[in-house]
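Trainee: Before we begin, could you take me through this protein step by step?
Mentor: Gladly; please look at the sequence and the structure first, and then put your questions to me.

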Amino acid sequence: MARLVIVSNRTAAPRDRGARAGGLAVGLREALQKRGGLWFGWSGELREGDAGEPKTQEAGNILFATIPLTPADHDDFYVHYANGTLWPLCHYRLGLIEFRRSAYEGYLRVNRLFAEKLAPLLRPDDLIWIHDYHFFPLASALRALGVTNRMGFFLHIPLPAPEVLTALPRHRRLIADLCAYDLVGFQTGDDLQSFTSYIERETAGTLDPRGTFRAFGRCGEAAAFPIGIDTATFAELSEQAADSAQTRRLHESLAGRRLVIGVDRLDYSKGIPQRMEAFQTLLEAYPEHRGRVTYMQIAPISRGEVEEYQALRRDLEGWVGRINGRFGEYDWAPVRYLNKAFPRQALAGFFRQAAVGLVTPLRDGMNLVAKEYVAAQDPADPGVLVLSRFAGAARAMPQALIVNPFDVEEIGDAVHLALTMPLAERRARWNEMMAELRRNTIQSWCESFVERLAGADTDEQAA
Ligand code: ADQ
């Protein structure tokens, strides 16, 4: 069986396993263990000068190899291009895009650096699986060095419709780079449709109904692979956590009040200010919930070096202060706002405590929090998921209360509906969502991508 090589901006820590590691890291590690493999990425270090030989560490049959970046490369590649240009573009936020040629050059430079450092570690029949928007050009860079292996790419975030995508200077190059892969995976049919439309409208290429594309002198396959979670493990974690000291402390602190929970990286794509406003709307429109419901928003700081994220943080601090100042009582703060990460078991216990899971991104490739919230529920008395129609997860879980995240009144109404939903309806909705989460897990996602990559049809000479 061919070895698997995974490339992602950050690798999992070689010793990070089980409950501490995130679901994606666990899934990828299992896929690597099955075939033996290599996981290549940035070490997290910033260092001047040549990156040198990759630092390697073995864990069982997996080799972890990482390289440092210079501060200037990190700035151009990660801060400005990946997160200042591609992230807002792919989340439909044209007004937030910055485009600097120097950052773009840096993005290409780092992709070339990754290719140069990875190429000597490759074996001829390795399957190479590259992850996410940091590395659109990596296959092209590897192919320029003569690497002919099968290469797959999975985009964790949305691919926007051509009307939005074409706002990116040099968008053709981005899609041409995507076509250098043998298999391109997206989260949902919508993202795949964006790719198809782009190929049809902006290139002389074609894409047939089976997903085979011919464009920019290359031929490959494109398909949707909706990512899942490790459902059984997360459900088990939450059952164990139901009785943990942390969960009990949370329960006692609520003093009989219902809990509404939001858990997100502090990111403008997640719609957190709109969610705060929606909670305010709930308290205005349904005064019966005043003093009876607490909204806890967990939002660890993310990408704090990017200006837009600093502005978001200030905005949220304003929202929390206004809502608590206006509605709070001497014995009740309506909003609890925590800028920190929690171990997975603690999160699982918090999710299980919450009567409502509020997941309202303005755009999201999938959103694993929505799936984790569902998996963590007590089957006998499950909570209700309120879910944005613009999260990829809404495709797989139409039994959630689906909302438009821009309509704060609609979200407020949905939270009210969730808080008052009869048990039988909650269970019926939850059972269907849980069946879907058990069918499509992180393990089945990895397997289906790798199997398809192993069999992907390549034809360098096509079109
Ligand atoms: P993210 O934008 O990071 O992922 P999401 O899918 O929700 O969004 O994954 C976040 C993960 O981090 C979840 O597993 C969650 O439990 C964890 N997490 C969040 N806050 C935490 C906290 N305070 N403490 C501990 N853990 C926390 C990107 C895309 C998504 C896509 C995923 C996977 O933007 O659309 O679903 O990749 O493909």
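The questions and answers below go from the overall build to the pockets and then to two loop residues.

Trainee: How many helices and strands does the protein have, and how compact is it?
Mentor: Please keep in mind that this is a predicted model. The protein has 17 helices and 16 strands. The globule rule gives 23 Å for 463 residues, and the protein is as compact as a globular protein of that length because its radius of gyration is close to that value, at 23 Å.

Trainee: What percentage of the residues count as buried?
Mentor: A residue counts as buried when its relative accessible area is under 20%. Applied to the 463 residues of the protein, whose C-alpha trace spans about 65 × 50 × 45 Å along its principal axes, the share that counts as buried is 59%.

Trainee: Which domains does the assignment give, and what distance separates their centres?
Mentor: The domain assignment gives domain 1, made of 4–228 + 443–454, and domain 2, made of 231–439. These two domains touch, since 26 residues of domain 1 are in contact with 21 residues of domain 2. Taken over C-alpha atoms, the distance separating the centres of domain 1 and domain 2 is 30 Å.

Trainee: Where does the largest pocket lie with respect to the domains?
Mentor: The largest pocket holds about 1800 Å³ of space, and among the 49 residues that line it, the closest to its centre are Gly-22, Leu-24, Arg-265, Arg-303 and Leu-368. Its lining takes residues from both domain 1 and domain 2, so the largest pocket lies between them.

Trainee: Which helix gives the most to the lining of the largest pocket?
Mentor: Several elements each supply at least two residues of this lining, namely strand E1 (4–10) and the helices H1 (23–35), H2 (71–90), H12 (344–353) and H13 (368–375). By residue class, the lining of the largest pocket divides into 23 nonpolar, 14 polar and twelve charged residues. With four residues, the helix that gives the most to it is H1.

Trainee: What is the volume of the second largest pocket, and which residues are the closest to its centre?
Mentor: The volume of the second largest pocket is about 370 Å³. Of the 20 residues that line the second largest pocket, the closest to its centre are Arg-352, Gln-353, Ala-354, Ala-355 and Asp-381.

Trainee: Which elements each supply at least two residues of the lining of the second largest pocket?
Mentor: The residues of this lining divide into seven nonpolar, seven polar and six charged. H12, which supplies at least two residues of the lining of the largest pocket, serves here too, and the elements that each supply at least two residues of the lining of the second largest pocket are helix H9 (245–254), strand E11 (258–263) and H12.

Trainee: Is Tyr-92 buried, partly exposed or exposed?
Mentor: Tyr-92 is placed in the loop between H2 and helix H3 (101–118), and its phi is near 65°, a positive value in a residue other than glycine. Because its relative accessible area is 27%, Tyr-92 is partly exposed.

Trainee: And is Asp-132 buried or exposed?
Mentor: Asp-132 sits in the loop between strand E5 (127–131) and helix H4 (138–144), and although it is not a glycine, Asp-132 has a positive phi of about 80°. With a relative accessible area of 11%, Asp-132 is buried.

Key: Residues numbered from 1 in each chain as written. Predicted model: local features only at pLDDT ≥ 70, side-chain atom pairs only at ≥ 80, totals over all residues. Heavy atoms only, no water. 1 Å grid on protein atoms, 1.4 Å probe; cavity = no way out; pocket = protein on both sides within 12 Å on 5 of 7 lines; lining within 4 Å. Points joined across faces, edges and corners; volume = space filled by probe spheres on them. Nonpolar A, V, L, I, M, F, W, Y, C, P; charged D, E, K, R; others polar. Domains from an automatic or database assignment. Rg over C-alpha atoms; globule rule 2.2 N^0.38 Å. Buried < 20%, exposed > 50% of the residue type's maximum accessible area, 1.4 Å probe, protein only. Contact = heavy atoms within 4.5 Å.
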